Amino acid sequence: MKVTEHLTRADGKTLFSFEVLPPKKGENIQNLFSNIEPLMEFKPPFIDVTYHREEYVYRQHPNGFLEKKTVRKRPGTVGICAAIKNRFDVDTVPHLICGGFSKEETENALIDLHFLGIDNVLALRGDPIKSEGHFKPDPDGHAYAADLIGQVANLNKGEYLDEEQDDTWATNFCIGTAGYPEKHFESPNYGADLRYLKHKVDRGAEYIVTQMFFDNEQFFNFEKRCREAGITVPIIPGLKPLTTKSQLTMLPRAFYLNIPEELADAVHHSADNAAAREIGIEWCINQSKELMAHGVPCLHYYSMGKSESIRRVAAALF
């Protein structure tokens, strides 16, 4: 079932969903299942599965030649989604990214997803790999999420890259995209960021999931500006409970977000990570309650591979 269908059928009730990371190369999938199982009692209608590009370095040999060496690779998101769908009988939302993929590889992934009965995708540009510094698209790939969304939307109309291909079927993907309550770090201003988001919706995005935030006023202002800009699709807030003291600096650096002074001060002065985690969970619960009272269609939680804090938040709400 499509994400938008789940939201419609909820009839105003706020749903619960979360995002997981594919296991690292060499890990058993049971580790992933073990993190998902505690959250299934809260009946998530869908689970997102991220995609991480392989990362590489150039290593110099004694003869002076450089060898391109892959240093990180996670199992494929398509296979992980199929495994979760089969194991838990729940809809999955694979992330599609521009970086590292040609248009043909993207089309092949979409064909596989369609064959497996997966009805949703979240289309993202993706982050640059560490060795590049800034985002570089594949030579035959997409530079922007809007163009990736356009390719999925075209496939939904039965338009394949090979126009002469016979016996093709139109897909029927529900397309999600990302929104940034505190502005994407590469956008020059909020107005430009909203215009680009509107463009993604116009190309075919049917719902928006936001980057994590810790101040609900940021979300309320973002939602208001979206509606004023003519963006009418559902907007799902993305949340994460703080779990360690180091996240006070790590999360703003990695995700270009602001942590409110009240939360930052409390975590900074906490005795240890266990105390910081309790503060983070309580803050996330209060955030969630306010958003539910506001009438958001779904609360989406970023697990970053660990589910216990999210389980405690969900237990207080759902």
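Let's start with Thr106, which is buried, with a relative accessible area of 4%. For a residue to count as buried here, that area has to be under 20%, so Thr106 qualifies at 4%. Please keep in mind that this is a predicted model. Thr106 belongs to helix α4, residues 103-115. And what does Thr106 touch, leaving aside residues up to four places away in sequence? The contacts are Phe101, Leu148 and Gln151.

Now to the barrel. Eight strands close into it, and if you want to trace them on the screen, the order is β1-β2-β5-β6-β7-β8-β9-β10, with parallel pairing. From one strand to the next, the twist averages 30 degrees. On the sheet you'll also find helix α7, residues 216-228, which touches β7 (174-179), β8 (207-212) and β9 (235-239). The direction of α7 makes about 155 degrees with that of β9.

As a reminder for those of us who spend more time with gels than with sheets, strands of a sheet pair through backbone hydrogen bonds, either parallel or antiparallel.

Let me pick out one strand, β5. How many of the seven residues of β5 are buried? Seven of the seven, so β5 is largely enclosed by the rest of the structure. The side chains divide in two directions: Asp91, Val93, His95 and Ile97 point one way, while Thr92, Pro94 and Leu96 point the other way. Both sets are buried.

On one side, β5 (residues 91-97) has β2 (residues 46-49) as a parallel partner, over four bridges. Within that pairing, Ile47 has Thr92 as its bridge partner, and Val49 has Pro94. β5 also pairs in the parallel sense with β6, residues 120-124, this time over three bridges. There, Leu96 stands opposite Ala123 of β6.

Moving along the barrel, we come to β7 and β8. These two run parallel and are joined by four bridges. If you'd like a residue to click on, Ala178 stands opposite Val209 in β8. Strand β8 itself is mostly covered, with six of its six residues buried.

Next, the aromatics. A search of the whole structure finds ten aromatic pairs. One of them is Phe33 with Phe88: the ring centres are 5.5 Å apart and the planes stand at 90 degrees, so this pair is edge-to-face. The two rings come from distant parts of the chain, with Phe33 in helix α2 (residues 29-36) and Phe88 in helix α3 (residues 77-88), 55 residues apart. Both Phe33 and Phe88 are buried.

For a stacked pair, look at Phe213 and Phe219, at 5.5 Å centre to centre with 10 degrees between the planes. Phe213 is buried, as is Phe219.

Back at the edge-to-face pair, there is a charged neighbour to point out. Which ring centre lies 4.7 Å from the charged end of Arg87? That's Phe88, and the charged end sits over the ring. Arg87 also lies over the face of Phe33, at 5.8 Å from the ring centre.

Elsewhere, ring pairs link Phe16, Phe18, Phe42, Tyr301 and Phe318 into a cluster.

Let me finish with two helices, starting with α9, residues 261-268. The buried residues of α9 are Leu263, Ala264 and Val267. Why do we say they are on the same side of α9? Because they cover an arc of only 95 degrees around the axis. That buried set packs against α8 (247-255) and α10 (273-294). Turn the helix round, and the face away from the buried side carries Glu261 and Glu262, which are exposed.

The other helix is α11, residues 308-315, where Ser309, Ile310, Val313 and Ala314 are buried. Looking down the axis of α11, the buried residues fall within an arc of 135 degrees, so they line one face of the helix. And what covers them? The cover includes two strands that we met in the barrel order, β1 (15-20) and β10 (298-302), along with helix α10.

That's my tour, and I'm happy to go back to any of these spots on the screen.

How values were computed
Residues numbered from 1 in each chain as written. Predicted model: local features only at pLDDT ≥ 70, side-chain atom pairs only at ≥ 80, totals over all residues. Heavy atoms only, no water. Pairing = 2+ DSSP bridges. Axes fitted to C-alpha atoms, helices over the stretch in contact; angles between N-to-C directions. Contact = heavy atoms within 4.5 Å. Phe/Tyr/Trp six-rings, centres within 6.5 Å; stacked < 30°, edge-to-face > 60°. Buried < 20%, exposed > 50% of the residue type's maximum accessible area, 1.4 Å probe, protein only. Lys NZ or Arg CZ within 6 Å of the ring centre and 35° of its normal. Arc of directions from axis to C-beta.
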